[in-house]
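Trainee: I am new to this structure and would like a close look at a single part of it, the nonpolar core. Could you take me through that part and through what surrounds it?

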Amino acid sequence: MTLPPMRANAGLGVIVALTLVLGACSSDSGGDQSSTPVAEAGDLAPGSAAINIVDLTFEPTSITVAPGSTDIAITNADSVDHTFTLDDGSVDETVSAGSNVTVTVDLTESVGFHCEIHPSMTGTLQVA
Ligand SMILES: [Cu+2]
């Protein structure tokens with residue numbers, strides 16, 4: 001006569017599992033320890049991108065963004081200041097040594113970028 005309780009437990013298990021799935025879908029990349037696949041480091045959310053500056057070089061030198069507005073986090077790992085400047089002049093942001101800034105670009109077509117201080121530093125934002 002233990003069947004009714006077991007059935008009740010089985011039903012509860014399904015509800016718990018559903019709740020976990022729904023919860024996982026609604027939570028962003030937290031620091032949770034679950035086995036749920038999370039975005040890789042270079043796998044950013046839509047509408048955002050990241051550029052590092054290391055040894056007077058933009059990394060990567062070419063990144064692809066969607067048309068429209070994109071937040072780009074720029075980290076300057078060098079011990080000298082740089083700028084992140086779009087060739088069309090729409091963005092010109094100083095990124096001080098050892099700091100990071102986030103700029104918002106709003107693009108309809110691909111555009112180059114460079115550092116105003118070091119002309120050899122160049123790269124391209126590809127719109128696709
Ligand atoms: Cu520079």
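Mentor: Of the 128 residues in the chain, 25% count as buried, and this, like everything that follows, is read from a predicted model. The chain exposes about 8,300 Å², of which carbon and sulfur atoms supply 57%. One helix and nine strands make up its regular elements, and along the sequence the helix comes before the strands, in the pattern α-β-β-β-β-β-β-β-β-β. Among the contacts with a separation of 6 or more, 51% are between residues 24 or more positions apart.

In soluble globular proteins, nonpolar side chains tend to be buried together. Here the largest nonpolar core has 22 residues, and Ile72, Ile74, Phe84, Leu86 and Leu125 are those with the most contacts inside it. Two or more residues of this core come from each of strand E1 (48-54), strand E3 (62-65), strand E4 (68-76), strand E5 (82-86), strand E7 (100-107), strand E8 (111-114) and strand E9 (122-127), with E7 giving the largest share, four residues.

Phe84 is a good residue from which to look around. Leaving aside residues up to four places away in sequence, Phe84 touches Ile51, Phe58, Ile72, Ile74, Val91, Asp92, Glu93, Val95, Val103, Phe113, His114 and Leu125, and among these partners Ile72, Ile74 and Leu125 are again residues with the most contacts inside the core.

Several of the strands that contribute to the core also belong to an open sheet of five strands, which has the order E3-E9-E8-E5-E6 and mixed pairing. E3 and strand E6 (92-95) stand at the edges with a single partner strand each, so one side of each is left without a neighbour in the sheet. Neighbouring strands in this sheet are turned against each other by 20° on average, direction ignored. Within the sheet, E8 and E9 run antiparallel and are joined by four bridges; leucine 125 in E9 is the bridge partner of valine 111, and this leucine is also one of the core residues with the most contacts.

Finally, there is a copper ion, coordinated by His82 (ND1), Cys115 (SG) and His118 (ND1) at 1.9 to 2.1 Å. Along the chain these donors follow the spacing H-x32-C-x2-H, and both cysteine 115 and histidine 118 are buried. His82 lies within the residue range of E5 (82-86), a strand that also gives two or more residues to the core.

Methods
Residues numbered from 1 in each chain as written. Predicted model: local features only at pLDDT ≥ 70, side-chain atom pairs only at ≥ 80, totals over all residues. Heavy atoms only, no water. Buried < 20%, exposed > 50% of the residue type's maximum accessible area, 1.4 Å probe, protein only. Contact = heavy atoms within 4.5 Å. Areas by Shrake-Rupley, 256 points an atom, 1.4 Å probe, with all protein chains shown as cover. Donors = N, O, S within 2.8 Å, 3.2 Å for Na, K, Ca; no water. Core = buried A, V, L, I, M, F, W, Y, C linked by side-chain atoms within 4.5 Å. Pairing = 2+ DSSP bridges. Axes fitted to C-alpha atoms, helices over the stretch in contact; angles between N-to-C directions.
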